[in-house]
Amino acid sequence: MKILADQNMPLVEEFFSDLGVVQRFDGRSLSPQQLIDADVLLTRSVTQVDSTLLAEASQLKFVGTATIGVDHIDRPLLAQRGIGFASAPGCNAIAVAEYVISALYAYAQHRAINLQGKKLGIVGVGNIGQCLHDKLAASGIELLLCDPLRHEAGTLDQHMPLDELLAQADIVTFHVPLVRTGTHQTRHLLNAQRISALKPDMLVINASRGDVIDNQALLNALEGGQSIDLVLDVWENEPDILMPLLAYTLFASVHIAGHTLEGKARGTQMLYQALCNQLGVEASKSLESFLPIPALTSCYAEHTLSEQELGRLVHLVYDIRRDDGLMRSNIASQGFDMLRKNYPPRREFNTLTVQNAPQCGQQLQQLGFKVVNSNEE
Ligand SMILES: NC(=O)c1ccc[n+]([C@@H]2O[C@H](COP(=O)([O-])OP(=O)(O)OC[C@H]3O[C@@H](n4cnc5c(N)ncnc54)[C@H](O)[C@@H]3O)[C@@H](O)[C@H]2O)c1
Ligand SMILES: O=C(O)[C@H](O)[C@H](O)COP(=O)(O)O
């Protein structure tokens, strides 16, 4: 069996080599000819899987994308051709939620403000939005939620319509899928009209898909003097992004919010499990055995942590300013895709154990850290 896999997908050989021969490809330049004798295609978000790409793929039995987003896959086409499909829902939800939390603490430090008492609007309360909500539940930040689909389905009581949320929130973060048409279209959800109505100095975070915010309208507003704090991980038209927008961002990154080692590895593991399931073989391998030991595994809290100290702990594991610096300093010389390819290792909060933290243990645990009291060791 020939398994074609994106070169930026980790651990493919470790998981899949017992099932077939693994061959790697460049996700942006995969051609229909490369798929002629492929049985399995494993992609990331940069490959458009459509009728053009699959024109000569007569042997293809399975397509997997090691991502949460599926807007790059023509799923009706796969169903029509009887090709099995799997994505990796939730694989990097923790990573994206922790990206946002790192952004929040860095923003608070930058503006010399407290997050406690601020209102954070979460737009899209699926795997990522819910994970962010749960991590921040004991933070003292007031959480406003917007998800009309969950509200209509009766699974979210606390829903607030988007325009009301934007009027009330101090910070808004987007976690919706990219939907290009229909009643719940998310393309340009934050459009020129909504941008112009934003409260002064509002913090806007986008780690969903670039097209969710009208980038040109945002740039026009900023060039026109509107004051918005911006954290952008995703951009319209990646990798050829609207470069002038970069200068107006507080923190910017190259679509890496989900790229913890754990998040990417979980994506590969989920595709391995789905393919094993389709083939009717046992999925015997697990990612725990493949992940390296983190550099920092434990620290000691002497007393209850203040909000600023909590921020320092968050940034000990992941500081968004590292990624902002990487993008700002290197985008011109290396380009968007090369920075993504060479993204340095990043771990999740639960790789750090905080000892002796009884007073703030609940908040730390909720954020995702491991907590032990000294007398429990
Ligand atoms: N930056 C990154 O690295 C990165 C990583 C992972 C995922 N993503 C993006 O984030 C998106 C969300 O991920 P998820 O795992 O939470 O997906 P999900 O499907 O679990 O949740 C999305 C939620 O958005 C809601 N929604 C849909 N349309 C909406 C609208 N118009 N207004 C408000 N809510 C709406 C849905 O009802 C759903 O609950 C993905 O589709 C992907 O595009 C980005
Ligand atoms: O939808 C997702 O899961 C993310 O956007 C994903 O992490 C994108 O990263 P890529 O697949 O391009 O590496």
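## Exercises on a predicted model

Helix α9 (residues 261-279; helices are DSSP runs of H or I with at least four residues, strands runs of E with at least two, numbered from the N terminus) has 19 residues and spans 27 Å from first to last C-alpha, close to the 27 Å expected at 1.5 Å a residue. The expected span is 1.5 Å times one less than the number of residues. This is a predicted model, in which local features need pLDDT of at least 70, side-chain atom pairs count only at pLDDT 80 or more, and totals for chains, interfaces and linings use all residues. Residues are numbered from 1 along each chain as its sequence is written, while chains are lettered from A and ligands numbered from 1 in the order written.

**Exercise 1.** Find which residue follows α9.

*Solution.* Step to the end of the helix: G280 comes next, with a positive phi near 75 degrees.

**Exercise 2.** Decide whether A207 is buried or exposed.

*Solution.* First, locate A207 in the loop between β9 (202-206) and α8 (215-223). Next, apply the cut-offs: buried means 20 or more other C-beta atoms (placed from the backbone) within 10 Å, exposed 12 or fewer, partly exposed in between. A207 is buried because 25 other C-beta atoms lie within 10 Å.

**Exercise 3.** Work out which residues R209 touches, not counting those up to four places away in sequence.

*Solution.* Start in the loop between β9 and α8, where R209 is found. Then look for contacts, meaning C-beta atoms, placed from the backbone, within 7 Å: G69, D71, L178 and V234 qualify.

Definitions and conventions. Contact = placed C-beta atoms within 7 Å.
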